[in-house]
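Please examine the sequence and the three-dimensional structure shown here. The explanation is arranged as a guided reading for a structural biologist.

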Amino acid sequence: MWWGGRGQSFNIVPQKEEPEMGSVQGSRMPEPRNRQLGSCLASGCLPGERILAWAPGVRKGLEPELPGTLICTNFRVTFQPCGWQRSQDTPLSSEYDFALINIGRLEAVSGLSRVQLLRPGSLLKFIPEEILIHGRDFRLLRVAFEAGGLEPQAFQVTTAIVQAKAQSSQAQQYAGITLSKAGQGSGSRKPPIPLLETSEDWETERKKQGARGWRVSTVNERFDIATSLPRYFWVPIRILDSEVRRAFGHFHQSRGPRLSWHHPGGSDLLRCGGFYTASDPNKEDIRAVELMLQAGHSDVVLVDTMDELPSLADVQLAHLRLRALCLPDSSVAEDKWLSALEGTRWLDYVRSCLRKASDISVLVTSRVRSVVLQERGDRDLNGLLSSLVQLLSAPEARTLFGFQSLVQREWVAAGHPFLTRLGGTGANEEAPVFLLFLDCVWQLLQQFPAEFEFSEFFLLALHDSVRVPDTLTFLRDTPWERGKQSGQFNSYTQVYTPEYSQPSAGNSVNLQLSVWDWDLRYSNEQILQFHNPGYDPEYCPGSWLPKQQPSFMVPGPPSSVWLFSRGALTPLNQLCPWRDSHSLLAVSSRWLPRPAISSESLADQEWGLPSHWGACPLPPGLLLPGYLGPQIRLWRRCYLRGRLEVQMGLSAPTVSGLQDELSHLQELLRKWTPRISPEDHSKKRDSNTILSQSR
């Protein structure tokens, strides 16, 4: 690799071998100007991480601008301000870090008009004066390089970033990074929440939910039924594991009916995959399937989660359009920006998810019944809707501890394919369903600010964590792959052949390390911001519903089966598709007769109140969000982080914008006032209390 003056071209190609520390393609980096800088650069490296190149510069887009050093390693790109050192207590990330897999776009800038998009194999036509790194998480890192003979370093660090990004993949990057602090005393480190990797964790959670009619099944303990399922899950207590094994074989990917959540009033929320209608089960298998779907209830509602919700391709396209619109150099005129935002369809999809989750919440809380969520793969929309239903129906899920446990159970343990959906495998199946879920949760925070213990900053931290490969939580597609990579299942002989090779002992990760170990990645000051100051801890009692149960939980009619579609319930003749006629589980919902959309809300229909009586009184703890027009908003703090005016804190640069911000703050104050007293705001909190008080 060589460099020249302005106007000359440089060929950038992915390097075949990793260079020595401080070099790119074998060319030695200039030594640091003093030993103090060199030791400062090296002190922030993790074991296995190597500095490839660095250059002094100034981070722009902030007030005031920060002088420092731009560093490229084989793991990340980071900007280190002058006089700042990475804390040894939080070695994994900082607000200045961009993991290589998080870089979505890289631009070199010279002067006022020369901008070049850098890709592997492109020709760098000038020495960059600035570099712009656009994160896939909507963040922007803009660094101007120092002049005065330092052009070689500016060129080398830019080239190193291009080459390191070309080589990076989530699986490869993690193989070379070991987490030093997590490894210290790993045997005594307790996970912040139960990771549901043992039968004891599942049994504890079952008892906590009061699901007396259910038990923990160990039939998949060795992953010989399905690698995408957790090792343990809940099944009806009267169903034998031998029956579970046979029944699950008649579902897509062997993902049969399992309990997601037991409502304190008696209802059960289940999830399952689609039926293999070509299979030929015997009478005993059909009986087992029916008993699992009924879950001891006479009233069963089947919900096709794919009905009226976007497809995976729709979600991916909308997210790409949203990211393009939110780029600083978006070509959309300001007066057409809102219409362009509407054209992305992202907010429409958020609206659809909240509307359907609200309806399912009413189904669960209005009658004692079994509500079955069914999706062909049972790994995307089922998790989204099941999680939203629990957030709307259970105050416990709105605590910091409860929400983390919910995500761990319904997304991580349930086998959501994080790696594939976030583009880490290269397969054409990318669709950020989990990010869509986080946006839905943010909408609930805006509409019910006093009901949630966690804040927007916590959601941002979780949003950004999916792009940081420092744990296995979001780094694999299935519980089997996650456990195999960490060496958890070395003693088991598996039916399926993994795509990932067994890591060496030196690269294995602490089995208890997860994304929920926030103290490894965030400072105490940052963790303090995870707490919502408007939340009232005393509003979330542990037994809020059983005392109220007789007033609104009504047993369903005997032996009734319903299809829920387009906001209305339609009676069905049967549960299983192998009898005389087809049901929802056998036939795609688009082939079923569509009921007309009722003029009454589902709440009015379910609780039997005529519409002219006004709003139906909701059960205690149930939230029903609005999803019409301006009730669904853009998550500005997340999606507009790359815009300079937002980075500078000018989120409302116009008079009309200031009026909107003021109206929003007044609305939040109005919602908080009945619940929060001045004494509540004056209470002292620390980060350890915030992370542990809900346990």
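The following paragraphs treat model confidence, then a sheet, then the helices beside it.

The model is predicted. Its pLDDT averages 77 across the protein, and 69% of the residues score at least 70. Residues 175–187 have a pLDDT below 50, although this stretch has 27 contacts in the model beyond near neighbours in sequence. A pLDDT under 50 also applies to residues 676–684, where the model has seven contacts beyond four places in sequence.

Consider next the sheet. Six strands form an open sheet with mixed pairing, in the order β15-β16-β19-β17-β21-β22. Its edges are occupied by β15 (258–262) and β22, each of which pairs on one side only. From one strand to the next, the twist averages 30°. In general terms, strands of a sheet pair through backbone hydrogen bonds, in either the parallel or the antiparallel sense.

At one edge, β15 pairs with strand β16 (residues 268–272) in the antiparallel sense, over four bridges. Within this pair, Arg 258 stands opposite Arg 271 in β16. Helix α11 packs on the sheet, where it touches β15, β16 and β19 (370–374). The direction of α11 makes about 170° with that of β16.

At the other edge, strand β21 (residues 560–565) and strand β22 (residues 568–572) run antiparallel and are joined by five bridges. Leu 563 stands opposite Thr 570 in β22. Two residues lie between the strands of this hairpin, in which Arg 566 takes a positive phi near 55°.

The helix that packs on the sheet also has a helical partner. How do the axes of α11 and α14 cross? Helix α11 (residues 381–393) and helix α14 (residues 433–447) have axes that come within 10 Å and cross at roughly 20°. Angles under 35 degrees count as roughly parallel, and α11 and α14 are therefore roughly parallel to each other. Their crossing is right-handed.

The side of α11 in this contact comprises Leu 384, Ser 387, Leu 388, Leu 391 and Leu 392. From α14, the contributing residues are Val 433, Leu 436, Phe 437, Cys 440, Val 441 and Leu 444. By class, the residues of the contact between α11 and α14 are ten nonpolar, one polar and no charged. Helix α11 thus appears in two settings: it packs on the sheet, and its axis comes within 10 Å of that of α14.

Key:
Residues are numbered from 1 along each chain as its sequence is written. This is a predicted model: local features need pLDDT of at least 70, side-chain atom pairs count only at pLDDT 80 or more; totals for chains, interfaces and linings use all residues. Side-chain values use heavy atoms; hydrogens and water are left out. pLDDT is the predictor's confidence in each residue, from 0 to 100. Contact means heavy atoms within 4.5 Å. Axes are lines fitted to C-alpha atoms, for helices over the stretch in contact, and angles run from 0 to 180 degrees between N-to-C directions. Angles under 35 degrees count as roughly parallel, over 145 as roughly antiparallel, 65 to 115 as roughly perpendicular and the rest as oblique. A crossing is left-handed if the near helix is turned anticlockwise from the far one by less than a right angle, and right-handed if clockwise. Ala, Val, Leu, Ile, Met, Phe, Trp, Tyr, Cys and Pro count as nonpolar, Asp, Glu, Lys and Arg as charged, and the others, Gly among them, as polar. Two strands pair if DSSP finds at least two bridges between them.
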